[in-house]
Amino acid sequence: MLSLPQEQPQRRAARLHLAETTVAVLRFKGGRCIPAKLQVLSVTGGLLWLSKPLPLELGSDAKLMFLMRNGVVLGAAEMLAPISWSLQPFRFVTLHHDDQSRLEAAIRSTAIQRRRDHGLLEPGRAW
């Protein structure tokens, strides 16, 4: 398991605003599960849309699981202060190395594809 650094990085991690629906599940201690949809994602955390509007308590811990094109990502997440009844930000507390690699690859490939789609990247220049 890889523990993510607790101090604030000097440069903000790249954010991915998800255009397609990415279903996620939060599982809390005691077995309670809450379905959600990812709105924004980065290697440090993201923003969930909760299908049942109920803000989660600041600092509550959960396992977060979601499926990207390149596989399932599972990590431990801490809930941050809710934005609204339905929008819940979170930060990853721990991610296994494989999960972090899948997440980074998905963010990178989506960013490259979007640049291509908007004509900002020449074919063959992606790395």
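1. Start with Leu-64. Leaving aside neighbours within four places in sequence, Leu-64 is in contact with Ala-24, Val-25, Leu-26, Leu-48, Val-73, Leu-74, Gly-75, Ala-77, Phe-90 and Phe-92. Keep in mind that this is a predicted model.

2. Leu-64 belongs to the largest nonpolar core, which has 25 residues. Leu-64 is one of the members that touch the most other members. The others in that group are Leu-26, Leu-41, Leu-48, Phe-66 and Phe-90. Three of these names also appear among the contacts of Leu-64: Leu-26, Leu-48 and Phe-90.

3. Which elements each supply at least two residues of this core? On the strand side they are β2 (16-28), β3 (33-41), β4 (45-50), β5 (61-68), β6 (71-79) and β7 (87-95). Helix α1 (97-117) does so as well. β2 gives the most, with five residues.

4. Now the overall layout. The protein chain has one helix and seven strands. Along the sequence the pattern reads β-β-β-β-β-β-β-α, with the helix after the strands.

5. Contacts and burial, for the chain as a whole. Take the contacts between residues at least 6 apart in sequence: 53% of them join residues at least 24 apart. Buried residues make up 36% of the 127 residues. The accessible surface comes to about 8,200 Å². Carbon and sulfur atoms account for 56% of that surface.

6. Is Asp-99 buried or exposed? Asp-99 sits in helix α1. Its relative accessible area is 9%, under the 20% cut-off, so Asp-99 counts as buried. The side chains of Asp-99 and Arg-102 are joined by a polar contact of 2.7 Å. Beyond neighbours within four places in sequence, Asp-99 is in contact with Val-72, Val-73 and Leu-74.

7. Leu-74 deserves its own point. Leu-74 lies in strand β6. Its relative accessible area is 39%, between the 20% and 50% cut-offs, so Leu-74 is partly exposed. Leu-74 is in contact with Leu-64 and with Asp-99.

8. Which residues make the nonpolar surface patch of about 350 Å²? They are Met-65, Leu-67, Val-72 and Leu-74. β5 and β6 each supply at least two residues of the patch. Both strands also each supply at least two residues of the largest nonpolar core. Two patch members, Val-72 and Leu-74, are also among the contacts of Asp-99.

Methods: Residues are numbered from 1 along each chain as its sequence is written. This is a predicted model: local features need pLDDT of at least 70, side-chain atom pairs count only at pLDDT 80 or more; totals for chains, interfaces and linings use all residues. Side-chain values use heavy atoms; hydrogens and water are left out. A nonpolar core is a set of buried Ala, Val, Leu, Ile, Met, Phe, Trp, Tyr and Cys residues joined through side-chain atoms within 4.5 Å. Buried means under 20% relative accessible area, exposed over 50%, partly exposed in between (1.4 Å probe, protein chains only). Helices (H or I, at least four residues) and strands (E, at least two) are DSSP runs, numbered from the N terminus. Contact means heavy atoms within 4.5 Å. Accessible areas come from the Shrake-Rupley method with a 1.4 Å probe; for residues, only the protein chains shown count as cover. A polar contact is a pair of N or O atoms within 3.5 Å; within protein, one must be able to donate a hydrogen and the other to accept it, and residues adjacent in sequence count only if both atoms are side-chain atoms. Patches are made of residues with over 30% relative accessible area and no salt bridge: like charges are joined within 9 Å, nonpolar side chains (Val, Leu, Ile, Met, Phe, Trp, Tyr) within 5 Å. A salt bridge is a side-chain nitrogen of Lys or Arg within 4 Å of a carboxyl oxygen of Asp or Glu.
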